[in-house]
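Hi,

Here is the structure I promised to pass on. Have a look at it, and below I'll walk you through what turned up.

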Amino acid sequence: MRDRHGAGVRRPVARIPAPLTGHVPAAAGRAAGARSPRPRRRRRFTVHPGAWWVWSLSLGVAASRTSNPLLLGLLVAVTGYVVAACRTPGPWSRSYGAFARLALAVLVVRLAFTVVLGSPVPGSHTLVTLPEVPLPHWAQGIRLGGRVSAEGLVFSLYDGLRIAALLICVGAANALAHPARLLKSLPGALYEMGVAVVVALTFAPHLIADAQRLRAARRLRGRPDSGVRGLLQVGLPVLEGALERSVALAAAMDARGYGRSADVPDRVRRTTAALTLGGLLGVCAGTYGLLTAEGGGYGLPLLLAGVGAALAGLRLGGRRSLRTRYRPDPWDARAWLVSGAGAAVAGLLTLAGARDPDALRPGVVPLVAPALPLWPAAAVLLGLLPALIVVKDPKEEPS
Amino acid sequence: MIRFEDVSVTYEDAARPAVQGIDFEVPEGELVLLVGPSGTGKSTVLNSVSGLVPHFTGGTLRGRVTVAGRDTRTHPPRELADVVGTVGQDPLAHFVTDTVEDELAYGMESLGIAPGVMRRRVEETLDLLGLAELRDRQIATLSGGQRQRVAIGSVLTPHPRVLVLDEPTSALDPAAAEEVLAVLQRLVHDLGTTVLMAEHRLERVVQYADRVVLLPGAGAAPVTGTPAEVMAVSPVCPPVVQLGRLAGWSPLPMTVRDARRRAAALRDRLTDRSPRQQGTRVAHRPAERTPRHVTEQPPGTAPASLAVRVLNRLGGRAPEARRAGVPHQWPADGAAEAADGTAEPAGGAADPAAEVRGLAVRREGIDALRRVDLTVAPGETVALMGRNGAGKSTLLGALVGLVTPSAGGIRVGGAAPHRSRPRDLVRLVGLVPQEPRDLLYADTVGAECAAADRDAGAAPGTCRELVSGLLPGVADGTHPRDLSEGQRLALALAVVLTARPPLLLLDEPTRGLDYAAKARLVGVLRALAADGHAIVLATHDVELAAEIAHRVVLLADGEVIADGPTDDIVVSSPSFAPQVTKVLAPQRWLTVAQVREALGEAPTEAQPQAQAEAQTQAQTEAQAEAQTEGKTEGQTEEQTEGQTEEQTEQTEASA
């Protein structure tokens with residue numbers, strides 16, 4: 001209950017030793033509460049999760065607009081700084097690192113493919129020539145080994161960097177706002193589905209923890225605790241355990257009122273069903289119309305009508321749900337600023353891409369050193385705004 | 001408030017009803033305790049209050065259960081959520097969200113309570129349960145006691161009029177259990193909440209109960225009454241009640257305070273006697289515990305003393321070639337040698353079974369253990385105690401090589417466990433984990449035993465023989481999941497013992513065990529210790545530690561804060577003192593069995609069995625037996641014990 005002084009690490013161990021005579025109501029816990037000052041609360045420092053997702057995805061859009069390695073590097077640096085400054089404690093806040101590693105892996109794979117399979121980019125600077133594997137005639141157009149040109153490598157480096165930057169932006173969104181928090185903001189009619197998704201999201205980490213525990217237990221039986229066979233043998237017990245836990249959770253949720261619904265008149269229920277189904281049909285038909293050449297005339301209106309009907313259905317469906325929200329994240333001025341900063345970066349880079357495509361896409365043939373375009377770089381720096389307006393609680397440092 | 005009208009529940013595919021003839025009423029504002037041996041349907045009764053039985057579990061419920069005037073027949077659990085709050089055995093399975101504050105709000109959100117009211121109630125509940133400090137914490141990072149309080153809080157926020165709790169303190173250390181019980185006490189007294197709870201650890205809860213409902217056996221009708229009335233006939237009862245039965249106090253004391261007031265005479269009788277060296281040292285009277293009775297018994301009769309049988313089985317085989325450096329040599333031939341005084345604990349002469357020097361373990365930036373020194377001698381039983389999260393399990397994990405030390409050294413049988421190959425290690429040290437099921441992979445008991453023999457390189461049938469000794473009457477084809485908690489523990493213990501490790505580790509072995517299963521475990525562990533096994537057990541159960549441990553090691557915050565003989569440590573600690581010690585202080589008695597023996601009323605040999613009996617028989621029988629006790633009666637004694645056990649087994653099997 002008390003923080004370990006100096007370490008800044010929270011531990012679940014410290015508890016007031018209960019005296020034998022401690023049957024005084026709630027004595028122990030309250031004494032602890034009175035002794036140390038209340039920590040400042042996290043919620044005051046949180047921004048609406050939707051704002052973070054808008055910000056991150058906007059930065060992702062911006063990254064997709066350029067292949068300039070300097071700009072992409074700057075973008076990644078901006079996300080890294082903001083994540084370091086603003087993330088909340090919790091296991092998911094480490095997902096930024098995981099996504100960064102994934103991005104690096106993507107980059108490496110992209111380069112390796114270029115080396116082995118060659119590149120469509122013509123180049124005169126040959127770095128190394130690998131022995132080429134002769135392929136049968138039906139594999140025409142595929143090359144294994146052969147000349148590796150500097151141009152080809154640089155091109156795939158730029159390309160890989162762009163994908164990596166996109167991935168890192170998604171990682172930043174995950175680290176700043178857990179998807180589960182985003183799901184909490186769903187409309188009432190979708191809430192129950194949202195809970196199912198959240199429960200499913202926590203299923204995987206539990207499964208991994210179970211598998212680790214059971215593999216450790218194999219050691220107690222005198223079997224090696226590593227290797228694929230070990231993993232396979234614990235597979236069934238792990239799944240069994242996970243299933244049992246899911247059933248227990250379902251029972252607990254049921255006993256706590258999950259799925260209670262209000263009585264609504266049959267007419268409303270029928271209207272809801274009709275609106276939702278009709279709306280979804282409209283969306284499908286409208287999309288088809290938009291994508292095919294001849295449906296240009298009816299596509300857009302049908303799509304819009306479908307979306308409208310579906311939204312109305314959802315809204316009406318929300319009447320069946322009794323749920324209320326406990327302290328929903330407000331969409332406040334900071335949320336506007338955070339999402340606005342992201343949108344501005346995306347907008348400005350798109351604009352710059354249209355105005356001055358050469359600066360955002362440095363050429364590789366002939367090979368030139370990329371230059372940092374001044375205005376787009378300044379636009380990217382706008383993405384730092386959240387780090388300035390979202391003050392982080394010093395006590396909530398993730399350990 | 002809760003009314004059961006001639007309720008019986010039959011699960012699908014079950015031949016007999018799980019409970020029947022349940023007919024009682026819980027008035028508003030009472031704390032009612034549901035007691036009984038395991039497998040008598042306590043959880044079924046609890047879950048039928050919230051409507052989970054039969055709406056969620058299936059099966060047929062006859063009769064009628066009404067809660068606050070609502071019939072559970074027509075109201076599914078979610079429609080009862082605003083009047084009944086249910087917390088199951090495992091709080092972790094109960095949590096839907098991942099932070100404390102959201103968890104407290106979850107139930108209210110489902111019920112559609114206005115945001116302003118929710119906000120106020122969350123704050124009130126945080127204060128009521130002392131959780132204000134933890135409001136933003138991840139639930140996964142909380143300790144056991146904190147989790148239990150959050151679980152209770154999460155069902156309290158919708159202001160239910162009835163609270164149903166299944167073993168709320170079983171997994172908790174004594175201090176955390178006090179916290180939780182203090183909260184319940186407050187809810188009943190300040191807020192008029194009706195509480196119905198089941199608990200195995202009666203010594204912790206019986207004093208808080210207004211009334212007790214006893215389920216004496218599967219399918220038997222419940223007995224309802226005041227705690228004193230019910231405890232007089234209950235097969236399960238806390239040590240303070242046993243002491244009261246022994247001393248013939250009436251009405252029986254429910255609290256240490258009651259007992260102390262009446263204990264003056266008893267203390268006088270005991271002044272000139274001293275407690276026999278307690279715990280496993282009983283077992284060091286070789287002449288008296290030769291397993292002669294077993295061999296005399298015709299084959300196939302009721303299992304006599306499990307302890308003796310295990311001893312016999314273990315000792316009766318020729319040893320395999322042992323690795324050099326293994327301190328304890330198995331007796332070469334015959335059981336007599338096994339009991340031939342080789343098991344003198346400690347003494348310092350023999351190589352220690354385990355030696356830990358300056359051990360430190362650091363995990364995820366947290367010092368789980370710091371500068372821990374521990375030596376365990378062959379034949380010695382050591383109890384590791386301390387609050388949840390003090391590092392007990394980590395120390396056991398380090399001893400068995402699951403945890404790599406960051407500093408310091410561990411020698412178990414001359415090897416460093418974390419560097420040994422698992423195949424070699426099982427012959428040096430065995431751990432029965434907190435959840436024995438983790439150790440079991442196969443889908444039948446028979447397959448599990450065969451696998452254990454292969455793993456340990458033992459002769460085929462070794463494990464099965466051990467299982468038959470520990471768990472008479474379990475068929476080969478039984479699925480481990482269908483065993484009761486106690487039976488599963490025994491199976492895991494048999495699997496571990498197949499490799500005959502000289503060092504045996506147990507993590508929380510009594511969790512979820514009733515008194516009879518616990519008494520059997522005590523008997524088995526004593527026999528193993530007498531046979532030269534070093535035993536280290538991590539436990540919150542002070543009564544168990546008092547019963548079998550030679551030494552108690554107290555851990556706090558990853559450090560050893562006390563290490564000494566059991567009577568020294570537990571007598572001096574208010575949290576860890578067993579009830580008998582508190583009643584008879586300043587004299588140093590630890591268990592009812594010691595007192596009984598000192599009064600000359602109990603057999604020396606069948607001591608662990610007598611314990612089990614006192615708990616499984618009604619008071620009068622126990623007394624009658626104790627009075628007519630004599631050396632010649634050893635045989636009858638054992639047979640009675642066997643029958644009792646069989647009954648219990650049947651009970652458990654039918655569960």
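First, a word on names: helices are DSSP runs of H or I with at least four residues, strands are runs of E with at least two, and both are numbered from the N terminus. With that in hand, Gly413(B) can be placed in the loop between strand 15 (407-412) and helix 17 (422-425) of chain B. Please keep in mind throughout that this is a predicted model.

While we're at Gly413(B): is this glycine buried or exposed? Gly413(B) has a relative accessible area of 11%, and since buried means under 20%, it counts as buried. If you'd like a feel for distances, the C-alpha atoms of Gly413(B) and Gln185(B) are 49 Å apart, with their positions 228 residues apart along the chain.

Now chain B as a whole. There are 28 helices and 20 strands in it. Of its 655 residues, 63% are buried. The area that chain B exposes comes to about 22,100 Å², with 48% supplied by carbon and sulfur atoms. Taking the contacts in chain B with a separation of 6 or more, 68% are between residues 24 or more positions apart.

One sheet to find in chain B is an open one of 6 strands with mixed pairing, in the order 7-8-9-4-10-11. Which strands stand at the edges? They are strand 7 (84-87) and strand 11 (223-225) of chain B; each has a single partner strand, so one side of each lacks a neighbour in the sheet. From one strand to the next, the twist averages 15°. Further in, strand 4 (residues 31-35) and strand 9 (residues 194-198) of chain B run parallel and are joined by 4 bridges; Leu34(B) has Ala198(B) of strand 9 as its bridge partner. Helix 1 (residues 42-50) of chain B lies across strands 4, 7, 8 (162-166) and 9 of chain B, and runs at about 150° to strand 8.

Strand 18 (residues 534-538) of chain B is also worth a look. This strand is mostly covered, with 5 of its 5 residues buried. In a regular strand, side chains alternate between the two faces of the sheet. Here Ala534(B), Val536(B) and Ala538(B) point one way, while Ile535(B) and Leu537(B) point the other way, and all are buried. Strand 18 of chain B has these pairings:

- Strand 14 (residues 381-385) of chain B runs parallel to strand 18, joined by 4 bridges; Ala383(B) is the bridge partner of Leu537(B).
- Strand 17 (residues 503-507) of chain B pairs with strand 18 in the parallel sense over 5 bridges; Leu503(B) is the bridge partner of Ala534(B).

Between strand 17 and strand 18 of chain B, the chain passes through helix 21 (residues 515-530), making a right-handed β-α-β crossover.

For helix packing, try helix 4 (residues 100-111) and helix 6 (residues 144-156) of chain B, whose axes come within 6 Å and cross at roughly 35°. Helix 4 contributes Val100(B), Glu103(B) and Leu104(B) to the contact, and helix 6 contributes Val150(B), Gly153(B) and Ser154(B). Sorted by class, that gives 3 nonpolar, 2 polar and 1 charged residues.

Next, some backbone details. Most residues other than glycine have a negative phi, and most peptide bonds are trans. The bond from Val53(B) to Pro54(B) is cis, with omega near 5°, and Pro54(B) lies in helix 2 (residues 52-55) of chain B. Ala585(B) and Pro586(B) are also joined by a cis peptide bond, with omega about 5°; Pro586(B) is in the loop between helix 24 (579-584) and helix 25 (592-598) of chain B. Ala68(B) has a positive phi near 50°. Ala68(B) sits in the loop between strand 5 (60-67) and strand 6 (70-71) of chain B, and is partly exposed at 26% relative accessible area.

Chain A has a positive phi to show too: that of Arg327(A) is near 40°. Arg327(A) is in the loop between helix 10 (296-317) and helix 11 (333-355) of chain A, and counts as buried at 17% relative accessibility.

Finally, what does Asn174(A) touch, leaving aside residues up to four places away in sequence? Trp53(A), Trp92(A), Ser95(A), Phe99(A) and Pro179(A). Asn174(A) belongs to helix 5 (residues 150-176) of chain A, and its relative accessibility of 14% makes it buried.

Over to you!

Technical notes:
Residues numbered from 1 in each chain as written. Chains lettered and ligands numbered in written order. Predicted model: local features only at pLDDT ≥ 70, side-chain atom pairs only at ≥ 80, totals over all residues. Heavy atoms only, no water. Axes fitted to C-alpha atoms, helices over the stretch in contact; angles between N-to-C directions. Contact = heavy atoms within 4.5 Å. Nonpolar A, V, L, I, M, F, W, Y, C, P; charged D, E, K, R; others polar. Buried < 20%, exposed > 50% of the residue type's maximum accessible area, 1.4 Å probe, protein only. Pairing = 2+ DSSP bridges. Right-handed = clockwise from strand over helix to strand, strands pointing away. Areas by Shrake-Rupley, 256 points an atom, 1.4 Å probe, with all protein chains shown as cover.
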